[in-house]
2 protein chains.
Amino acid sequence: MNASKEHILLVSLSLFLQKSFKEVTMKEIVEKTGLSKGAFYHYFSSKEELFIEIIRTYFLKIMKVDYSRFSKKSFRDFYCDYINYIISAFEKLKTELGDISDEDDINYFVLAFDAMRLFPGFKEEIKEVHASELASWEQAVSSGKASGEIRSDMTDRQIAGMFVYTNDGLGLRLIMEGRVKQMEQEMLTLWDSFYNQIKV
Amino acid sequence: MNASKEHILLVSLSLFLQKSFKEVTMKEIVEKTGLSKGAFYHYFSSKEELFIEIIRTYFLKIMKVDYSRFSKKSFRDFYCDYINYIISAFEKLKTELGDISDEDDINYFVLAFDAMRLFPGFKEEIKEVHASELASWEQAVSSGKASGEIRSDMTDRQIAGMFVYTNDGLGLRLIMEGRVKQMEQEMLTLWDSFYNQIKV
DNA sequence: ATATACATACCGACCGTTCGGTCTGTTTGT
DNA sequence: ACAAACAGACCGAACGGTCGGTATGTATAT
């Protein structure tokens, strides 16, 4: 992809991660990219199109985690792999965004909510992502039970839900409180404690 | 409070629950209230002031749940009471909003995120709310353990975290998927399954 | 009883600014 | 020479907010 276009995409992404679609102005995009209106509209037909391309190019790609890459050896390895992957993906994104944005006011939820209004079919797509995410966790739980690693009267899906929802919930709170940095440590501690609860 | 002012507040709340601060225009507020620009600025000095009053009058009041009203008899009663209370508070709000807004595109998260930018000291306030929320759950867990109702190697705080975070996480997903109606049932099922896991 | 004075509630034309977007022209790479 | 890459003056629409004015009610003085 053209370097200028990618630059616009990344700078804009960092802006949309900080405030809502409407709050980000063309003026700001033009200034922060160091380019001009002419350059912008050479690559994009509108601000909305830019946003849609950002959702497609970055957001949805990041959301669609490839769960097959996580360990199948044990359930604990699986969720440790998951955390490590998410953290490293986040770090990689931060690098790409460069020093453009401060870690503490990154809020991918506002991006998602804007996408619900601006990206056609976003709701359906996110529904699928959620469903396959839960299915992958369920599978990992199932393997863990089968191998005798964990044991519980909770259904596989319920255990999967506990992991997935605590992940979302904790992430949401840490973002709102501006202490995203503690995600890895807090999530791992909580998951480990629950894991010990269902470990045989 | 003056009826017109309250009417403006409620209509605007329903709008801010559907889209971001910037997306809601004065024109829309004026039209939906059936009043005029003049009337609006008679009661509020600006759109921002209106928003701040909405956060103070409705949002923060709803967030600050009085946990002392929930059963202390057993931990299960406690979280059942919690769910029932939240659901009824939600229903009450829907009634106040009248037929203004559709249940499925109510999104209080965007309201919260806007408040982070527009309501001075919101982050700190929400931090306190979160902290006292967790503390209340921790207390309920502690009682449950003391009475011999539940037993676990997880700390009280960790168990509290499981409940609080799953609540947030599930709520977030259901809102994104437009199926908030299933909250009560799904949350209760999941919590019950976890409860049975730690029940003696 | 009624005229005067004042306050509150409300209206909508209007204002300056900013918005996303366009258009014409210039630079640059091949 | 020619197209792609960019610059920035410019545009109409929409924005939040203002302002002069009206209608209604109510307290007060005569």
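This is a walk through a predicted model, from the overall build of one chain to the way two copies meet and the residues that link them.

Let us begin with chain A. Its secondary structure comes to 9 helices and 0 strands, so if you trace chain A along its sequence you will read the pattern α-α-α-α-α-α-α-α-α. The C-alpha atoms of chain A fill a box of roughly 65 × 30 × 25 Å along the principal axes. Of the 200 residues in chain A, 54% are buried. Contacts also reach across the sequence: among those in chain A between residues at least 6 apart, 67% join residues at least 24 apart. As for the surface, chain A exposes about 9,200 Å², and carbon and sulfur atoms supply 50% of that area. Chain A carries 26 positive and 31 negative charges, and the mean positions of these two sets are 2 Å apart.

Now bring in the second chain. In general, two copies of a chain are related by a rotation about an axis and a shift along it. Here, a rotation of 180 degrees with 0.0 Å of shift along the axis superposes chain A on chain B, with an RMSD of 0.1 Å. The two copies are therefore related as by a two-fold rotation axis. If you would like a landmark for that axis, look for Gly169(A): its C-alpha, at 2.0 Å, comes closest to the axis of the residues of chain A. How do the copies meet? They meet through the same surface, because 98% of the interface residues of chain A are also interface residues in chain B.

Two residues give a good view of contacts between the chains. Gln197(A) has its place in helix H9 of chain A, which covers residues 183–198. With a relative accessible area of 18%, Gln197(A) falls under the 20% cut-off and so counts as buried. Which residues does Gln197(A) touch, leaving aside its neighbours within four places in sequence? They are Ser152(B), Asp153(B), Met154(B), Gln197(B) and Ile198(B), and Gln197(B) carries the same residue number as Gln197(A).

The other residue is Glu133(B), in helix H7 of chain B. Glu133(B) is buried, at 9% relative accessibility. Once neighbours within four places in sequence are set aside, Glu133(B) is in contact with Arg173(A) from the other chain, and with Tyr67(B), Tyr82(B) and Val164(B). Ile175(B) lies 42 residues from Glu133(B) along the chain, and the C-alpha atoms of the two are separated by 21 Å.

For contrast, turn to Ala146(A), which is found in helix H7 of chain A, residues 122–146. Is Ala146(A) buried or exposed? At 70% relative accessibility, Ala146(A) counts as exposed, since the cut-off for that label is over 50%. Ala146(A) and Cys80(A) are 66 residues apart in sequence, and their C-alpha atoms are 19 Å apart in space.

Salt bridges are next. A search of the whole structure finds 30 of them over all chains. One of these pairs the side chains of Glu23(A) and Arg117(B), with 2.3 Å from N to O. Glu23(A) sits in the loop between helix H1 (3–16) and helix H2 (26–33) of chain A, while Arg117(B) belongs to helix H6 (residues 108–118) of chain B, so this pair joins two chains. Glu23(A) is buried, at a relative accessible area of 18%, and Arg117(B) is partly exposed, at 32%.

Another salt bridge stays inside a helix. Glu31(B) pairs with Lys27(B), and their closest N and O atoms are 3.5 Å apart. Both residues lie in helix H2 of chain B, 4 residues apart, which is about one turn of the helix. Glu31(B) and Lys27(B) are both exposed.

A further pair connects two helices of chain B. Arg157(B) forms a salt bridge with Glu138(B), with the closest N and O atoms 2.9 Å apart. Arg157(B) is in helix H8 (residues 156–177) and Glu138(B) in helix H7 (residues 122–146), so the bridge ties together parts that are 19 residues apart in sequence. Arg157(B) is partly exposed at 40% relative accessibility, and Glu138(B) is partly exposed at 26%. Finally, salt bridges can share partners: in chain A, they join Lys19(A), Glu28(A) and Lys32(A) into one network.

Technical notes. Residues are numbered from 1 along each chain as its sequence is written. Chains are lettered from A and ligands numbered from 1 in the order in which they are written. This is a predicted model: local features need pLDDT of at least 70, side-chain atom pairs count only at pLDDT 80 or more; totals for chains, interfaces and linings use all residues. Side-chain values use heavy atoms; hydrogens and water are left out. A salt bridge is a side-chain nitrogen of Lys or Arg within 4 Å of a carboxyl oxygen of Asp or Glu. Buried means under 20% relative accessible area, exposed over 50%, partly exposed in between (1.4 Å probe, protein chains only). Contact means heavy atoms within 4.5 Å. Accessible areas come from the Shrake-Rupley method with a 1.4 Å probe; for residues, only the protein chains shown count as cover. Lys and Arg count as positive and Asp and Glu as negative; His and the chain ends are not counted. The place of a charge is taken as NZ of Lys, CZ of Arg, CG of Asp or CD of Glu. Copies are superposed by least squares on the C-alpha atoms of residues with pLDDT of at least 70 in both.
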